[in-house]
Amino acid sequence: MDRWRKSALSAACAAISLLAVRNAPLRAQQASPAPPAANSATRENAEFTAAADEVLQQMSEITGLKLRTPLKKTLRSREEIRAYVVREMDEEKNPGERYAGARSAEAFGLLPKGFDFDNFMITLLTEQIAGLYDPKAHEFYIADWIPLSDQRMVMAHELTHALEDQHFNIEPWVKAARPNEDAELAREAVLEGSAMAAMVDYLLQGTGRSIKDMPDMDPSMFLGDLGSTPTLAKAPPFIKDALVFPYLGGLQFSVAVLKDRGWDALAGMFAKPPASTQQILHPGYYRSGKIPAEVKLPAIEKVLGSDWTKLDENVMGEFGWKEVLKQFLGQDRAKMLAAAWDGDRFAIYEHKTTKRLVLVARLRMASAEQTDRFFGQYSEALEKKHSDRANLLRRPNFFSFETPDGGVFLHCIETECITLEGTSRNVFDAANKAVGWPAAPVSPADLTKPPEKVAVLKTSGGGQSPERALY
């Protein structure tokens with residue numbers, strides 16, 4: 001998919017454009033039918049081509065996007081679809097980048113430790129894909145095991161991508177948001193959401209209604225029962241949400257944009273793409289031009305030392321933080337808290353030997369009141385995330401405790417918070433100092449601990465005094 005940061009909002013995001021939208025489950029658990037006889041295959045190819053040409057013409061009329069060059073259309077077997085998924089994942093992100101993304105998701109608590117992300121995604125996408133448009137080859141593929149009667153909705157969605165590609169060059173348009181992966185996910189939502197909207201208008205042909213007449217519809221009705229397919233039913237909640245977000249969130253965004261001007265507004269979404277998933281979730285921010293604040297991370301590489309490697313650094317966005325909060329606080333509280341997001345940045349470091357992770361994040365909220373609310377509830381989330389903890393310290397704007405994998409720290413000042421997980425108090429203090437904040441409170445127990453490292457200095461009286469070294 002194309003979001004986990006792509007973290008699993010990186011490794012997961014790269015394949016999201018491959019997920020096809022269906023009216024009903026694909027019954028992927030059933031065995032593929034035997035290969036058709038030659039004359040039957042010829043007849044099916046002719047029927048498929050005729051149906052695709054008919055749907056392509058209808059999608060051109062719906063969207064107002066004229067077909068500029070002939071489009072290649074082919075039926076593909078499950079084995080060919082799987083090979084395409086593997087190739088696309090390798091081209092989108094190399095193994096190291098996918099590893100970093102999966103570990104980032106793990107650090108935020110979005111994926112279980114040791115989760116085999118690559119193999120899971122290949123199996124999941126092979127199971128789910130009904131059809132796709134390949135913007136590199138400018139070719140439309142559809143699964144050959146799906147009856148023609150079920151293919152037309154897939155065609156309506158994917159052929160909209162083909163038309164958009166001929167007018168807006170969609171692959172470089174999406175990648176132009178890099179390295180900001182939250183902004184890239186927002187562009188994916190424009191692609192998938194607009195294709196969803198076109199698909200709805202395809203279904204509404206002959207009714208006298210269109211997508212802009214249906215602002216209160218439940219968009220999930222068009223996805224069918226996604227959880228009924230075996231691999232998706234076992235997927236961590238984050239993967240399900242990240243796969244579905246560009247379709248459902250993007251559809252609601254597209255409906256909001258298309259409501260007044262209809263499909264004449266489509267070109268404007270490509271000319272002025274949304275800057276963040278926040279604008280997708282709140283289309284009013286897109287219309288008003290509200291963009292996220294630029295947030296910079298404190299530099300901690302020197303204080304961490306040479307044994308640590310930075311795996312990833314990016315932006316979570318409102319969608320990403322909503323997913324993190326949802327893991328530990330539930331959907332309703334997560335949605336409310338994440339809506340106050342105004343900008344963020346995070347980085348993940350991995351120890352070269354032990355593979356332990358350090359997560360550092362800086363988050364800006366819409367107001368001091370919202371920051372106080374976030375502090376109170378995110379500290380609760382951190383406690384739920386780390387069940388094995390000790391030496392908890394809670395103050396009005398500072399919260400910390402120790403775990404077997406290192407300390408956890410949360411400090412908020414005015415409209416910003418910084419949080420570190422998996423490291424020492426010394427590293428936190430260095431990060432806190434780097435952003436120019438006053439020193440955080442210290443636990444009374446810390447004052448009685450023996451020094452971690454002692455430098456012996458002579459005093460003027462000939463005695464010795466210990467001095468704690470910071471590192």
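This passage describes the sheets, helix packing, disulfide and selected backbone features of a predicted model.

Two open sheets are considered in turn, beginning with the one that lies earlier in the sequence. Three strands make up this open sheet, in which the order is β2-β4-β3 and the pairing is mixed. The edge positions are taken by β2 (72-76) and β3 (131-134), each of which has a single partner strand, so that one side of each is left without a neighbour in the sheet. From one strand to the next, the twist averages 20°. Five bridges connect β2 with strand β4 (residues 139-143), and these two strands pair in the parallel sense; within this pairing, K72 has E139 of β4 as its bridge partner. Packed on the sheet is helix α3 (residues 78-92), which touches β2, β3 and β4 and whose direction makes about 115° with that of β2.

The region that follows in this account is helical. Helix α6 (residues 148-168) packs with helix α8 (residues 181-203) at an angle of about 130°, and the axes of the two helices are 8 Å apart. With this angle, α6 is oblique to α8, and the crossing in which α6 passes α8 is right-handed. On the side of α6, the contact is made by R152, M153, A156, H157, T160, H161 and E164, whereas α8 contributes L191, E192, S194, A195, M196, A198, M199, Y202 and L203. Divided by class, the residues of the contact of α6 with α8 comprise nine nonpolar, four polar and three charged.

Two backbone features are found in the loops along the chain between these helices. In the loop between α6 and α7 lies N169, a residue other than glycine for which phi nevertheless has a positive value, near 55°. Further along, the peptide bond that joins R178 and P179 is cis, with omega at about 10°, and P179 of this pair belongs to the loop between α7 (170-175) and α8.

The other open sheet is formed by seven strands, arranged in the order β5-β6-β7-β11-β10-β9-β8 with antiparallel pairing. Here β5 (308-314) and β8 stand at the edges, and each has a single partner strand, so one side of each is left without a neighbour in the sheet. When direction is ignored, neighbouring strands of this sheet are turned by 10° against each other on average. Helix α15 packs on this sheet and touches β6 (341-351) and β7 (357-365), its direction making about 65° with that of β6.

At the β8 edge of the sheet, strand β8 (residues 390-395) and strand β9 (residues 398-403) run antiparallel and are joined by four bridges. The connection from β8 to β9 is a hairpin through two residues. In the register of this pair, R395 has F398 of β9 as its bridge partner, while L393 stands opposite S400 in β9.

In addition to its contacts with the sheet, α15 takes part in a helix pair. Helix α15 (residues 317-329) packs with helix α17 (residues 368-385) at an angle of about 60°, and their axes are 9 Å apart. The two helices α15 and α17 are therefore oblique to each other, and α15 passes α17 in a crossing that is left-handed. The residues that make the contact are W321, V324, L325, F328 and L329 of α15, together with F374, Q377, Y378, E380, A381, K384 and K385 of α17. By class, eight nonpolar residues, one polar residue and three charged residues form the contact of α15 with α17.

Finally, the structure holds one disulfide. This disulfide joins C412 to C417, with an S to S distance of 2.0 Å. The torsion about the S-S bond of C412 and C417 is about 105°, and the disulfide is therefore right-handed.

Definitions and conventions. Residues are numbered from 1 along each chain as its sequence is written. This is a predicted model: local features need pLDDT of at least 70, side-chain atom pairs count only at pLDDT 80 or more; totals for chains, interfaces and linings use all residues. Side-chain values use heavy atoms; hydrogens and water are left out. Axes are lines fitted to C-alpha atoms, for helices over the stretch in contact, and angles run from 0 to 180 degrees between N-to-C directions. Angles under 35 degrees count as roughly parallel, over 145 as roughly antiparallel, 65 to 115 as roughly perpendicular and the rest as oblique. A crossing is left-handed if the near helix is turned anticlockwise from the far one by less than a right angle, and right-handed if clockwise. Contact means heavy atoms within 4.5 Å. Ala, Val, Leu, Ile, Met, Phe, Trp, Tyr, Cys and Pro count as nonpolar, Asp, Glu, Lys and Arg as charged, and the others, Gly among them, as polar. Two strands pair if DSSP finds at least two bridges between them. A disulfide is a pair of cysteine sulfur atoms within 2.5 Å.
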